[in-house]
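Let's walk through this structure together, starting with one small contact and working outwards to the whole chain.

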Amino acid sequence: MAINRVHVDPDVGIPDLVKQLGEDSKRLVEDEVRLAKLEIRESMHRAGRGAVWLGVAFGIAVVTLVALTLFLVTLIGRLVNGHMWVGALVVGIVELAAAVLLFKRGATTLKEPSYTLAATRAEAKATARWAAHPRE
């Protein structure tokens, strides 16, 4: 980033200074907008890359869980004298119970409000009181 040195002419009048201030302000706003666009572009690129890695991790996790399920079905089936249906039934019931438990936990978490309007209002009032009467 280049630094522009400002030459101050002592003979410049107030209207010229106001005009220069307006031009500088306009340039500053343009620079801030350009910087915001660059930051958003970088953030979106990083988020996209993270989403790809999450997708790959999810795919690998699904394949791994399917392999683990088949392993458990086969193991339990062999333990009960080759009745693979028993292994499939036991593993299916265990996985269904785990899914129901996780679903209930997720639904409970979603039902809890993170912020309520009443709490937000109360906090805003408390902040206003604090700002109006700072500690001395």
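**From one contact to the whole chain**

Find Arg27 and Asp24 first: their side chains come together in a salt bridge, with 3.7 Å from N to O. Keep in mind as you look that this is a predicted model. Why are these two within reach of each other? They sit three residues apart in helix 1, which covers residues 14-79, so about one helical turn separates Arg27 from Asp24. In general, an α-helix has 3.6 residues a turn, so residues three or four places apart point the same way. And side chains of opposite charge can pair when their charged atoms come close. As for the surroundings, Arg27 is partly exposed, at a relative accessible area of 40%, and Asp24 is also partly exposed, at 31%.

Now look the other way along the helix from Arg27. Here Arg27 forms a salt bridge with Asp31, and the closest N and O atoms are 4.0 Å apart. The spacing tells a familiar story: Arg27 and Asp31 are four residues apart in helix 1, so about one helical turn lies between them. Asp31 has a relative accessible area of 30%, which makes it partly exposed.

Move further along and you'll meet another pair, Arg46 and Glu42, whose side chains form a salt bridge at 3.0 Å from N to O. Both belong to helix 1, and they're four residues apart, or about one turn of the helix. Is Arg46 buried or exposed? With 53% relative accessibility, Arg46 counts as exposed, while Glu42, at 46%, is partly exposed. Back at the earlier group, salt bridges with shared partners link Asp24, Arg27, Asp31 and Arg34 into one network. How many salt bridges does a search of the whole structure find? The count is four.

Charged pairs aren't the end of the story for this helix. Leu65, Leu68, Phe71, Leu72, Leu75 and Leu79 make a nonpolar patch of about 580 Å² on the surface. Take Leu79 from that group: its place is in helix 1, and its relative accessibility of 65% means that it counts as exposed.

With those landmarks in place, consider helix 1 from end to end. It has 66 residues, and at 1.5 Å a residue it should span 98 Å; the C-alpha atoms at its ends are 95 Å apart, so the two values agree. After helix 1 comes Asn81, which has a positive phi, near 60°.

Time to zoom out. The chain's secondary structure amounts to three helices and zero strands, and the elements run α-α-α from the N terminus on. What does that look like overall? The chain's radius of gyration is 32 Å, well over the 14 Å that the globule rule gives for 136 residues, so the chain is more spread out than a compact globule. Along its principal axes, the C-alpha trace spans about 105 × 45 × 25 Å.

Finally, what share of the chain's 136 residues counts as buried? The figure is 3%, where buried means under 20% relative accessible area. The accessible surface of the chain is about 12700 Å², and 68% of that belongs to carbon and sulfur atoms.

How values were computed
Residues are numbered from 1 along each chain as its sequence is written. This is a predicted model: local features need pLDDT of at least 70, side-chain atom pairs count only at pLDDT 80 or more; totals for chains, interfaces and linings use all residues. Side-chain values use heavy atoms; hydrogens and water are left out. Buried means under 20% relative accessible area, exposed over 50%, partly exposed in between (1.4 Å probe, protein chains only). Patches are made of residues with over 30% relative accessible area and no salt bridge: like charges are joined within 9 Å, nonpolar side chains (Val, Leu, Ile, Met, Phe, Trp, Tyr) within 5 Å. Accessible areas come from the Shrake-Rupley method with a 1.4 Å probe; for residues, only the protein chains shown count as cover. The expected span of a helix is 1.5 Å times one less than its number of residues. The radius of gyration is taken over C-alpha atoms; the globule rule is 2.2 Å times the number of residues to the power 0.38.
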